[in-house]
Amino acid sequence: MLALDIRHLNKKYPTFELRDVSFQLEKGYIMGFIGANGAGKTTTIKSILNMLHLDSGEVHILGKNIAEHEIELKQEIGYAFGDIDFYTRSKMKKLTDVIKKFYTNWDDEIYYNYLRRFKLDENKKIVELSTGMKVKYSLALALSHGAKLLILDEPTSGLDPVARDDLLDIFQDLVVDGEISILFSTHITSDLEKCADFITFIENGQIIHSSEKDDFIASYRLLNGSESQLNQVKEQLISYKVNSFGFTGLVRSQDYDPSSGISATMPSLEEIMIYFAKKEDMYV
Amino acid sequence: MYNLVMKDLKLGVHPMFFVFPFLIGALMLIPGWIYFIVPLYFCWITIPNMFSNYRSQNDLLFTTMMPVTKKDMVRARVTVIVMLELLHIVIAMIYGVIMLWLFPNVNYYFFAPHMGFWGLCFVMLAIYNIIFFTMYYKTAYKHGQAAITSITVAMLFAGVIQWIGIQNSFVSNLFNGSGAHNVGLQTSILIAGIVIFIAFTLAACQMAYKRFLKVEI
């Protein structure tokens with residue numbers, strides 16, 4: 001079953017456009033949603049949560065169209081925004097007391113279990129929490145109302161490596177039972193190398209690639225060669241950088257000819273992102 | 001809807017704004033003052049402060065994430081404001097009665113706080129509500145222009161009606177002269193004011209909702 005099914009989203013702004021965005025997330029998996037700042041991650045997430053008026057396209061969550069079943073589906077969605085805070089001067093206890101009233105499946109026992117597990121003191125004010133603790137608090141809220149789909153917008157941005165690793169472990173624990181699915185946007189690609197099952201890459205409002213993580217990486221090669229070799233493959237390269245030793249460029253695996261003698265390595269997610277961003281620049 | 005009202009009362013509205021009516025209402029004890037100013041304090045102080053708090057605490061996004069309809073979001077917000085408005089007026093009325101009892105022989109230049117005057121205050125708030133809410137919900141976060149416009153029009157209404165009350169002997173007689181002691185007349189003006197307040201506020205709710213539907217968050 002699909003936890004999230006996004007079909008042909010289009011949304012035009014004066015300076016930015018979301019073009020035919022489609023991707024699917026199977027239930028019980030973690031999908032990393034990557035892209036540079038301003039690539040359209042947050043706009044896509046807002047469309048998922050029915051906060052925007054789309055020009056066209058549909059979003060189905062757990063088999064239901066969000067536009068038609070918004071209230072019902074929001075009972076099943078948990079969210080965390082890494083960089084936005086709400087009612088920061090209130091204590092967690094007070095905020096939780098208000099929030100839990102909105103959810104029919106709220107379970108206090110689960111909530112307190114997560115508070116203990118995440119070492120959160122509910123008498124603290126939101127403003128006193130570290131960035132990592134805020135994300136954990138959002139997770140505790142989401143899980144206590146039985147959210148099946150977690151939508152996390154840059155939850156790991158601004159966290160130290162220890163807190164990030166801790167959070168990634170938590171994400172992996174959550175999906176073990178196959179009930180919970182996570183879509184998490186980030187521009188810190190190393191997080192995804194650790195815990196994502198699927199990767200969706202958005203660049204300039206368009207989905208470049210959405211697939212299983214290993215397939216995603218395997219579908220590209222990073223070429224290293226001399227400047228003379230560059231002319232040989234220039235046409236096939238997504239983009240390239242020239243340095244004193246020659247060039248480095250990204251190519252789709254199907255366009256790479258091993259007999260060309262140019263050495264090729266597996267790129268990291270970060271390298272894929274960078275070379276795609278560079279491609280955009282080249283055509284500007 | 002009930003949960004949203006409770007959310008606003010617990011998180012959005014600073015407790016100070018529930019104490020305010022008691023403090024500001026005490027201004028009614030000044031004999032012969034321009035009493036229109038008393039409910040206007042609500043528009044000048046409480047509304048801008050409350051709405052800037054909503055904005056700085058990202059209330060719009062916070063509320064949108066909850067399983068609630070946009071219609072309920074508007075209705076709940078209007079309900080909270082109306083509750084505060086009623087609190088202000090009712091407490092000011094009580095102070096007004098005390099003032100009338102303490103100073104029975106005041107020569108009023110401006111409207112005396114009889115029931116008819118409160119009817120006019122309800123009309124003033126009705127005008128305030130319809131302008132403020134419809135303008136505010138164009139964006140659901142920009143409250144400055146909405147507040148300035150609605151306050152200006154409400155004050156203009158109060159100013160003009162007060163000026164007529166001074167210049168026109170019929171109106172003056174209605175509110176401060178012999179009409180002031182005609183309970184039937186005073187009650188009718190008050191009820192008419194309340195009816196206008198209800199009608200305008202309901203219309204404000206409807207228009208605000210229609211505009212809010214178009215808002216992207």
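A helix here is a DSSP run of at least four residues, numbered from the N terminus. Keep that in mind, because helix numbers will come up often. And one caution before we start: this is a predicted model.

Let's begin in chain B. B:Gly159 lies in helix H7, which covers residues 144-167 of that chain. Is B:Gly159 buried, exposed or partly exposed? Its relative accessibility is 38%, so B:Gly159 counts as partly exposed. Now look for B:Phe36. Along the sequence, B:Gly159 and B:Phe36 are 123 residues apart. In space, their C-alpha atoms are 8.7 Å apart.

Stay with B:Phe36. Its relative accessibility is 2%, so B:Phe36 is buried. B:Phe111 also has 2% relative accessibility, and therefore counts as buried. For both, the cut-off is under 20%.

On to the rings. A pair of aromatic rings is described by the distance of the centres and the angle of the planes. How many aromatic pairs are there over all chains? The count comes to 31. Take B:Phe36 with B:Phe111. Their ring centres are 6.0 Å apart and their planes stand at 75°, so this pair is edge-to-face. Where do the two partners sit? B:Phe36 is in the loop between helix H2 (16-25) and helix H3 (37-56) of chain B. B:Phe111 is in the loop between helix H5 (70-102) and helix H6 (115-136) of chain B. The pair therefore ties together parts that are 75 residues apart in sequence.

Chain B also has an aromatic cluster. Its members include B:Phe51, B:Tyr54, B:Tyr128 and B:Phe212. Follow B:Phe212 a step further. The charged end of B:Lys70 sits over the ring of B:Phe212, 4.8 Å from its centre. Chain A offers a lysine over a ring too: A:Lys241 lies over the face of A:Tyr275, 5.5 Å from the ring centre.

Now chain A, and a sheet. Strands of a sheet pair through backbone hydrogen bonds, either parallel or antiparallel. Which order do the four strands of this open sheet take? They run E12-E13-E11-E14, with antiparallel pairing. The edge strands are E12 and E14 (263-265), each pairing on one side only. On average, neighbouring strands are turned by 25° against each other, direction ignored.

Let's walk across it. Strand E12 (residues 237-243) and E13(A) are joined by six bridges. In that pair, A:Tyr240 stands opposite A:Gly249. A hairpin of two residues links E12(A) to E13(A). Next comes E13 itself, residues 246-252. Six of its seven residues are buried, so to speak of it as mostly covered is fair. Strand E11 (residues 220-225) pairs with E13(A) over six bridges, antiparallel. Here A:Tyr220 stands opposite A:Arg252. A:Asn224 stands opposite A:Thr248 in E13(A). On its other partner strand, A:Asn224 stands opposite A:Ser263 in E14(A). E11(A) and E14(A) pair over three bridges, again antiparallel.

Next, a helix of chain A. Which residues of helix H3 (residues 92-100) are buried? Among them are A:Met92, A:Leu95, A:Thr96 and A:Ile99. What covers the buried residues? From chain A, the cover includes helix H4 (108-117) and helix H5 (131-144). From chain B, it includes helix H1 (2-12) and helix H4 (59-65). So watch the chain letters, because helices are numbered from the N terminus.

Last stop: A:Lys11. This lysine is found in strand E1 (residues 2-12) of chain A. Is A:Lys11 buried or exposed? At 7% relative accessibility, it counts as buried. Where does its side chain go? It reaches the backbone oxygen of A:His53, at 2.8 Å. Leaving aside neighbours within four places in sequence, A:Lys11 has contacts including A:Phe16, A:Leu54 and A:Asp55. Chain B is on that list as well, with B:Glu216.

To recap: B:Phe36 and B:Phe111 make an edge-to-face pair. The chain A sheet has four strands with antiparallel pairing. And A:Lys11 is buried, with its side chain reaching A:His53.

Technical notes
Residues numbered from 1 in each chain as written. Chains lettered and ligands numbered in written order. Predicted model: local features only at pLDDT ≥ 70, side-chain atom pairs only at ≥ 80, totals over all residues. Heavy atoms only, no water. Buried < 20%, exposed > 50% of the residue type's maximum accessible area, 1.4 Å probe, protein only. Polar contact = N/O pair within 3.5 Å; in protein donor to acceptor, adjacent residues only side chain to side chain. Contact = heavy atoms within 4.5 Å. Phe/Tyr/Trp six-rings, centres within 6.5 Å; stacked < 30°, edge-to-face > 60°. Lys NZ or Arg CZ within 6 Å of the ring centre and 35° of its normal. Pairing = 2+ DSSP bridges. Axes fitted to C-alpha atoms, helices over the stretch in contact; angles between N-to-C directions.
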